[in-house]
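Colleague: I'm new to this one, so could you walk me through a few parts of it?

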Amino acid sequence: MATSAPPRAASEPELPVCLDDVRRAHKTLSGIARTTAVEGSRHLSSLVGAPVHLKCENLQRTGSFKLRGAYVRIAGLSAQERRRGVVAASAGNHAQGVALAASLLGVASTVFMPVGAPLPKVAATREYGARVRMHGQVVDETLEAAKEYAHATGAVFIHPFDHPDVVAGQGTLGLELLEQCPEVRTVVVGVGGGGLLAGMAVAIKALRPDVRLVGVQAEGSAAYPPSLAAGQPVGLTSASTMADGIKVGKPGDVPFRVISSLVDEIRTVSEDALSSALLLCLERAKLVVEPAGASSVAALLSAPDSFEGPLAAVLSGGNVDPLVLQRTLRHGMAAAGRYLSLRLRLSDRPGALAALMSELSTADANVLDVSHVRTDPRLGLDEVEVELHLETKGPEHCVEVASGLRAAGYTVVS
């Protein structure tokens with residue numbers, strides 16, 4: 001699904017961030033943020049029919065682009081503001097970015113995180129120097145607690161995306177990308193609140209107005225399409241996606257103004273596409289990317305013929321909890337046809353299951369799980385139903401395995 005941003009009216013006020021802001025941010029980040037690599041992908045290039053380059057911001061310090069905006073924002077504080085310290089709310093990437101940025105600048109930081117935040121992200125935030133407070137079940141509750149803390153203590157609240165300095169800092173990624181890939185014609189970026197896409201849009205459209213910018217949101221958490229249609233930020237009543245890095249219920253005012261003026265298109269992608277993209281990055285590019293960071297690749301997988309190349313896809317983050325990674329990889333393998341679930345009826349006699357396992361071995365299908373059902377009233381007295389979960393080589397192999405079992409005389413129920 002795609003939504004085009006409306007053209008900017010001639011009388012519209014100037015945008016809150018300009019190219020000079022991004023260039024100043026780039027100087028501020030010199031020696032702080034890494035110039036992350038751009039890697040070509042032969043597999044995606046073949047799929048799209050044009051060169052595809054991956055901007056590996058998952059290899060940035062703290063594992064995502066968030067350090068850029070957080071550092072620029074905190075570096076811009078006055079001496080008095082720095083003495084009061086900073087506070088932020090985040091489930092992971094922004095938390096780590098603020099913690100490291102504040103530590104590098106000698107500023108005390110407090111970060112509020114949801115009670116269910118992944119333990120590795122909580123530990124990393126503490127290790128970067130922040131004082132972590134666990135509060136709320138969802139980020140919205142955590143955000144309110146951080147704002148209340150700022151009001152009570154005088155600490156400066158560092159918003160994850162809705163501030164000109166943050167947007168300018170994220171925009172430095174756009175400057176890098178144009179230097180590394182000057183031939184690019186389309187840039188695809190994951191979108192949550194919009195800070196990264198907005199910043200990159202400012203930089204890229206000022207220097208290369210011919211480049212097409214495409215933002216990508218998860219279908220279950222896509223606030224930009226209705227907001228663009230309404231002409232103002234609109235909050236979602238609910239949001240659900242595995243891509244927690246772009247799970248934002250309402251666009252920020254600052255990035256929305258930029259995106260609605262400069263970005264060409266917003267697309268949405270399914271959960272299957274996100275998990276398949278993560279699996280592809282791991283298997284084919286040898287890159288660990290979180291679901292939100294793989295959203296740009298998910299857009300390529302969903303509609304590969306709809307992009308003009310050369311194309312750059314931003315891998316915006318790699319901070320994925322191992323347990324989430326395990327579940328997402330399983331989901332991705334299922335979406336890619338690498339798992340097969342079957343129910344078969346067998347004669348309830350010794351050796352029947354062993355014969356079935358031998359048949360599956362011949363078909364080169366790996367058995368992950370087996371369960372028996374003997375009490376279903378639909379079964380005969382001498383029958384047993386077996387549920388199998390198999391690892392296969394892809395959709396064609398799934399068909400071959402099921403067909404082979406039927407040919408061998410097995411009754412495949414589903």
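What follows is a short chat about some strands, one residue and a pair of helices.

Modeller: Sure, and keep in mind that we're looking at a predicted model.

Colleague: Let's start with the open sheet of four strands. Which strands are at its edges?

Modeller: The pairing in this sheet is parallel, and the strand order is β6-β5-β4-β7. An edge strand here pairs on one side only. That leaves β6 (131-134) and β7 (156-157).

Colleague: Which residue of β5 stands opposite Val87?

Modeller: Strand β4 covers residues 86-89 and β5 covers residues 109-113. The two run parallel and are joined by four bridges. Opposite Val87 in β5 you'll find Thr110.

Colleague: Is Phe112 buried or exposed?

Modeller: Phe112 sits in strand β5. Leaving aside neighbours within four places in sequence, its contacts include Val87, Ala88, Arg133 and Tyr149. Its relative accessible area is 5%, and buried means under 20%, so Phe112 counts as buried.

Colleague: How far apart are the C-alpha atoms of Phe112 and Ala91?

Modeller: Along the chain, Phe112 and Ala91 are 21 residues apart. In space, the separation of their C-alpha atoms is 8.3 Å.

Colleague: Now strand β11. Which of its residues are buried on each side?

Modeller: Strand β11 spans residues 311-315, and five of its five residues are buried. In a regular strand, side chains alternate between the two faces of the sheet. Here one side has Leu311, Ala313 and Leu315, and the other has Ala312 and Val314.

Colleague: Which residue of β11 stands opposite Val187?

Modeller: Two strands are worth a look here. Strand β3 (residues 52-56) runs parallel to β11 with five bridges, and Leu54 stands opposite Ala313. Strand β8 (residues 186-190) also runs parallel to β11, joined by three bridges, and there Val187 faces Ala312.

Colleague: Last one: how do helices α15 and α16 cross, and why is α15 called oblique to α16?

Modeller: The axes of α15 (residues 352-362) and α16 (residues 395-407) come within 10 Å and cross at roughly 140 degrees. Angles over 145 would count as roughly antiparallel, so this pair falls short of that and α15 is oblique to α16. As for handedness, the crossing is right-handed.

Colleague: And which residues make that contact?

Modeller: By class, there are four nonpolar, one polar and one charged residues in the contact of α15 with α16. From α15 come Leu356, Glu359 and Leu360, and from α16 come Val401, Gly404 and Leu405.

Conventions. Residues are numbered from 1 along each chain as its sequence is written. This is a predicted model: local features need pLDDT of at least 70, side-chain atom pairs count only at pLDDT 80 or more; totals for chains, interfaces and linings use all residues. Side-chain values use heavy atoms; hydrogens and water are left out. Axes are lines fitted to C-alpha atoms, for helices over the stretch in contact, and angles run from 0 to 180 degrees between N-to-C directions. Angles under 35 degrees count as roughly parallel, over 145 as roughly antiparallel, 65 to 115 as roughly perpendicular and the rest as oblique. A crossing is left-handed if the near helix is turned anticlockwise from the far one by less than a right angle, and right-handed if clockwise. Contact means heavy atoms within 4.5 Å. Ala, Val, Leu, Ile, Met, Phe, Trp, Tyr, Cys and Pro count as nonpolar, Asp, Glu, Lys and Arg as charged, and the others, Gly among them, as polar. Two strands pair if DSSP finds at least two bridges between them. Buried means under 20% relative accessible area, exposed over 50%, partly exposed in between (1.4 Å probe, protein chains only).
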